Amino acid sequence: MKCRILLVFLIMFIVNNGSLAKENQTLYDFSFNDIDGNKVNLSKFTGKPILVVNTASRCGYTPQYANLQNLFIEYKDSDLTIIATTSNSFYQEYENVDDIKKICLVNYGVGFVTSSPMNVKGKDAHPIYLWINEAYNKKPKWNFFKYLFDRDGKLVDAWSSMTKPDSPKITNEIDKLI
């Protein structure tokens, strides 16, 4: 009987600690592969504000890459990090990474961090997006959904596809963080 009680308490402790660990997660606890297949640990950006945008090359909002690049140039001397997470979750991204690179680099000359394609919705979503949804009840409704994280890796705000990355709604929040 004592063994059973001890086992029950042990299981409760493990389950409880797992929940606490998830509650204490930040954006800096995650990683992904960049457009060249290199692993990017977000912990290397610890203490920096980060704007994460799920992107797609064949979307009506794809011209927002230019706005993202403008934002990147405007804040290049600050410690703001911009990350574009390419995704075909809404069926508007190329399957071939070289095709994505052509859009990002040739058409828009992006200088910010860009990921290899990842899922941003559903049960197969990348752990970053699963965490955002679980911790903040925010999930992208379409391509070019934007998330701003503070220096502690916590979500400050999120904006729809219709809000351009360099709009005052977003830049005012960025300015508060840098």
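The questions below concern a predicted model and ask how its strands, helices and salt bridges earn their descriptions.

Q: What makes strand β3 largely enclosed by the rest of the structure?
A: Strand β3 covers residues 50–55, and 6 of its 6 residues are buried, so the rest of the structure largely encloses it. I50, V52 and N54 point one way, while L51, V53 and T55 point the other way, and all are buried. In a regular strand, side chains alternate between the two faces of the sheet.

Q: How do you know that β3 pairs with β4?
A: Pairing requires at least two bridges between the strands. There are 6 bridges between β3 and β4 (residues 81–86), and the two strands run parallel. One of the residue pairs is L51 with its bridge partner I82 in β4. Between the two strands the chain passes through helix α2 (residues 64–74), and this β-α-β crossover is right-handed.

Q: What makes β6 a partner of β3?
A: The cut-off is again at least two bridges, and 4 bridges join β3 to β6 (residues 146–149), so the two count as paired. These strands run antiparallel, with I50 standing opposite F149 in β6. In β6, K146 and L148 point one way and Y147 and F149 the other way, and all are buried.

Q: How are β6 and β7 connected, and in which sense do they pair?
A: Strands β6 and β7 (residues 155–159) pair in the antiparallel sense over 4 bridges. K146 stands opposite W159 in β7. The two strands form a hairpin with 5 residues between them, and G153 in the turn has a positive phi of about 80°.

Q: Why are the buried residues of helix α3 said to line one face?
A: In α3 (residues 97–107), I100, I103 and C104 are buried. Seen down the helix axis, the buried residues fall within an arc of 85°, so they line one face of α3. They pack against α2, β4 and β5 (113–114). The face turned away from this buried side carries the exposed residues K102 and V106.

Q: What is found at the start of α3 and just after it?
A: At the start of α3, a side-chain oxygen of N96 comes to within 2.6 Å of the backbone nitrogen of D98. Just after α3, G109 takes a positive phi of about 55°.

Q: Why is the contact of D36 with K101 called a salt bridge?
A: The cut-off is 4 Å between a side-chain nitrogen of Lys or Arg and a carboxyl oxygen of Asp or Glu. The closest N and O atoms of D36 and K101 are 2.6 Å apart, so the pair qualifies. This salt bridge links distant parts of the chain, 65 residues apart: D36 lies in the loop between β1 (31–33) and β2 (39–41), and K101 in helix α3. A search of the whole structure finds 3 salt bridges.

Q: Why are D79 and R151 called partly exposed?
A: Partly exposed means between the buried limit of 20% and the exposed limit of 50%. D79 has a relative accessible area of 25%, and R151 stands at 30%, so R151 counts as partly exposed as well. D79 and R151 also form a salt bridge, with their closest N and O atoms 2.6 Å apart.

Q: What makes K176 exposed?
A: Exposed means over 50% relative accessible area, and K176 has 63%, so it is exposed. K176 forms a salt bridge with E173, the closest N and O atoms being 3.0 Å apart. Both residues lie in helix α5 (residues 168–177), 3 residues apart, which is about one turn of the helix.

Definitions and conventions
Residues are numbered from 1 along each chain as its sequence is written. This is a predicted model: local features need pLDDT of at least 70, side-chain atom pairs count only at pLDDT 80 or more; totals for chains, interfaces and linings use all residues. Side-chain values use heavy atoms; hydrogens and water are left out. Buried means under 20% relative accessible area, exposed over 50%, partly exposed in between (1.4 Å probe, protein chains only). A crossover is right-handed if, with the strands pointing away from the viewer, the path from the first strand over the helix to the second runs clockwise. The arc is that of the directions from the helix axis to the C-beta atoms. Contact means heavy atoms within 4.5 Å. A polar contact is a pair of N or O atoms within 3.5 Å; within protein, one must be able to donate a hydrogen and the other to accept it, and residues adjacent in sequence count only if both atoms are side-chain atoms.
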